[in-house]
Amino acid sequence: IKYTEENLKVEIKIMNEKVLIKRKNDEYDLNLEFKLNKKIRCKYDIKSVGLNLEIDVYTKILEIEDNRIYINYELFNDNKSIGTFEYKILFMEW
C-alpha cells in the first residue's frame, strides 16, 4: 500500500506475521518493522541534521484484518523508552 500524506510518502508492506512501514519526506526517512512481541532494530534518518539513529521497536499489539491494521508499539533508543505509539490504518478498494 502506497499513499501520500501531505508532503510525506508512506509505504506499507503487509506480510503473514509482520508489517513494514516506510515514512519518508525531505526532513526524515523512517523505516519500521512490526512483529508481535518482538523487539526489532530499525533505522531513523533525520536528514535536516544529518543524524542516523538505530531505534528498537517493540510491538505490543499487531492486528491485521481484511480492511484494518492496528499496531501498538514502544520505541527505544539506547535501551531507554522514547514512548508508546499507535498506528491505525483503515482501507478499502475503489
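A residue counts as buried under 20% relative accessible area, exposed over 50%, and partly exposed in between. The model on screen is predicted.

**Stop 1: the start of the chain**

Select isoleucine 1. This residue lies in the segment before β1, the strand that spans 2-5. Isoleucine 1 has a relative accessible area of 43%, so it falls in the partly exposed class. Now add Ile14 and Ile64 to the selection. Together, Ile1, Ile14 and Ile64 make a nonpolar surface patch of about 220 Å².

**Stop 2: lysine 13 and glutamate 11**

Clear the selection and turn to the charged side chains. How many salt bridges does a search of the whole structure find? The count is nine. One of them is between lysine 13 and glutamate 11, so show both side chains; the N to O distance is 3.9 Å. Lysine 13 is partly exposed at a relative accessible area of 40%. Glutamate 11 is also partly exposed, with a value of 23%.

**Stop 3: aspartate 56 and arginine 41**

Next, select aspartate 56 and arginine 41. Their closest N and O atoms are 2.9 Å apart, and the two form a salt bridge. Which strands does this pair link? Aspartate 56 is in strand β6, residues 51-64, and arginine 41 is in strand β5, residues 39-46. The two residues are 15 residues apart, and the pair links distant parts of the chain.

Is aspartate 56 buried or exposed? Aspartate 56 has a relative accessible area of 7%, and because this is under 20%, the residue is buried. For arginine 41 the relative accessible area is 52%, which means that this residue counts as exposed, the cut-off being over 50%.

**Stop 4: lysine 43 and glutamate 54**

Keep the previous pair visible and add lysine 43 and glutamate 54. These residues form a salt bridge, with 3.2 Å between the closest N and O atoms. Lysine 43 is in strand β5 and glutamate 54 in strand β6, so the salt bridge ties together parts that are 11 residues apart in sequence. Lysine 43 is partly exposed, with a relative accessible area of 44%. Glutamate 54 is partly exposed as well, at 43% relative accessibility.

**Stop 5: the four charged residues together**

Finally, view the side chains from the last two stops as one selection. Which residues are linked in a network of salt bridges? Arg41, Lys43, Glu54 and Asp56 make up this network. Within the network, aspartate 56 is the buried residue described above, at 7%, and arginine 41 is exposed, at 52%.

Note on methods: Residues are numbered from 1 along each chain as its sequence is written. This is a predicted model: local features need pLDDT of at least 70, side-chain atom pairs count only at pLDDT 80 or more; totals for chains, interfaces and linings use all residues. Side-chain values use heavy atoms; hydrogens and water are left out. Patches are made of residues with over 30% relative accessible area and no salt bridge: like charges are joined within 9 Å, nonpolar side chains (Val, Leu, Ile, Met, Phe, Trp, Tyr) within 5 Å. Accessible areas come from the Shrake-Rupley method with a 1.4 Å probe; for residues, only the protein chains shown count as cover. Helices (H or I, at least four residues) and strands (E, at least two) are DSSP runs, numbered from the N terminus. Buried means under 20% relative accessible area, exposed over 50%, partly exposed in between (1.4 Å probe, protein chains only).
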